[in-house]
Structures are given as C-alpha cells and as structure tokens.
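Student: I'd like a close look at a single part of this protein, and then at what surrounds it. Could you take me through it step by step?

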Amino acid sequence: MREITIKRAEQATEAVICARMMVATEPWVTLGRTYEAALEMMMDPERELYVAEEAGVIRGFVLLVMSGGIKEGYIQSLCVVPYLRGEGIGGRLLDFAEERIGRALPAVYLMVSSFNEGAQRLYGGRGYERVKVYKDYVVEGHDEILMCKRWE
C-alpha cells in the first residue's frame, strides 16, 4: 500500500500545484477550467484544501466547502494525478473528506460530470445516490450529476 499522508494545504505553492494538476487533467480539460479560476478556488479562504502527499510530493487533493448556501458539506473537487488513478488515493481522499464533513454535517454532496464514468463508479460504489441531473450545466453536451451521501 502507498504511504499517503493527507493534510491541510498551508502554503500558496500547494495551491499552485493543485491548480496546475486540475487544469491539466480530466474532467476539467473538457469542462474548460482555466488555471486562474482553479487557483482562485484553491486560495479561497471559504474553502478547505487538503493534499495527499507521498514522500513530500503532492499526488492528489480534495477541495471542500463546509458552509454557504447549502446545509450539508460539499466536495467541490477531488483530483489524483492521472498515472496514479486506480491506486486507492482517490478513495483515501474521499474517506478523509467524508470524515471531515461527517464531524459537522448530516450529509455530503458532490457533482460529477456525465462523461466521468470512473468517478461515477467510485462514488456510486461508496453509497452516493443521484439527486439531480443538470443538463448542459458547465459545457454544452455534457451534464453534471448532483450526488449525495447521508450518514446512517
């Protein structure tokens, strides 16, 4: 098993690395996410950015929204470097996010793109249920699926 440590991002350089990782990979390439928009999200003090590190190298991240217009927590983004996808890092980040949100809130929400079948399998297999489909929400021709997991 990989030795992964998950910690809160504390430096701007970590946000820069995460923003670059995001805009260079799917689904964000198809969604047209810009580096500037990604970095703004990572640096937003209203969001919580956590990084997954292996030997001091960032391998993935999760970006959480814990307050705002919805009662429940929201996983805004979860990303793992492409060559390590399927190695359990995404699941570890998801476990971490659920534990963080579960300490404060009764449910967790996230959105997944209709073309992102791997992420849909990950979330569906972890008990997330489809709540609503937003047609052509970010880009025309692709839907965004709102999913929710409530604590038992």
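Student: How many bridges join strand 5 (residues 107–113) to strand 7?

Tutor: Before we count, keep in mind that this is a predicted model, so local features need pLDDT of at least 70 and side-chain atom pairs count only at pLDDT 80 or more, while totals for chains, interfaces and linings use all residues. Residues are numbered from 1 along each chain as its sequence is written, and side-chain values use heavy atoms, with hydrogens and water left out.

Now to your question: strand 5 and strand 7 are joined by seven bridges and run antiparallel. Strands here are DSSP runs of E with at least two residues, helices are runs of H or I with at least four, and both are numbered from the N terminus. Two strands pair if DSSP finds at least two bridges between them. To find one of these bridges on your screen, look for Tyr109, which stands opposite Cys148 in strand 7.

Strand 7 covers residues 144–150. Strand 6 (residues 129–134) also pairs with strand 7, in the antiparallel sense and over five bridges. Here you can look for Lys132, with Leu146 of strand 7 opposite. Six of the seven residues of strand 7 are buried, so the strand is mostly covered; buried means under 20% relative accessible area, exposed means over 50%, and partly exposed lies in between (1.4 Å probe, protein chains only).

Let's follow some side chains from here. Met147 is among the residues in contact with Tyr123 (heavy atoms within 4.5 Å), leaving aside neighbours within four places in sequence. The other contacts of Tyr123 on that count are Leu78, Leu94, Leu110, Val112 and Tyr128. Tyr123 also belongs to the largest nonpolar core, which has 44 residues, and is listed with Met42, Phe61 and Ile75 as having the most contacts inside that core. A nonpolar core is a set of buried Ala, Val, Leu, Ile, Met, Phe, Trp, Tyr and Cys residues joined through side-chain atoms within 4.5 Å.

Leu94 takes us to helix 4, where this residue is one of the buried ones, along with others including Leu93, Ala97 and Ile101. The 14 residues of helix 4 (residues 89–102) should span 20 Å at 1.5 Å a residue (the expected span is 1.5 Å times one less than the number of residues), and the end C-alpha atoms are 20 Å apart, which agrees.

Leu78, another contact of Tyr123, leads to a second set of strands. Leu78 is the bridge partner of Val62 in strand 4, and six bridges join strand 3 to strand 4 (residues 73–80), the two running antiparallel. Strand 3 (residues 57–65) is mostly covered too, with eight of its nine residues buried. Eight bridges join strand 3 to strand 2, again antiparallel, and Ala52 has Gly60 as bridge partner. Two residues lie between the strands of this hairpin, and Ala55 takes a positive phi near 55°.

Next, some charged side chains. Side chains of opposite charge can pair when their charged atoms come close. The whole structure holds nine salt bridges, each a side-chain nitrogen of Lys or Arg within 4 Å of a carboxyl oxygen of Asp or Glu. One of them links Lys135 with Asp143, with the closest N and O atoms 3.3 Å apart. Asp143 is buried at 15% relative accessible area, whereas Lys135 is exposed at 62%. Salt bridges also form a network of Asp95, Glu98, Arg126 and Lys149. Within that network, Lys149 falls inside strand 7 (residues 144–150), and Glu98 is one of the buried residues of helix 4. That brings us back to the strand you asked about, paired with strand 5 through seven bridges.
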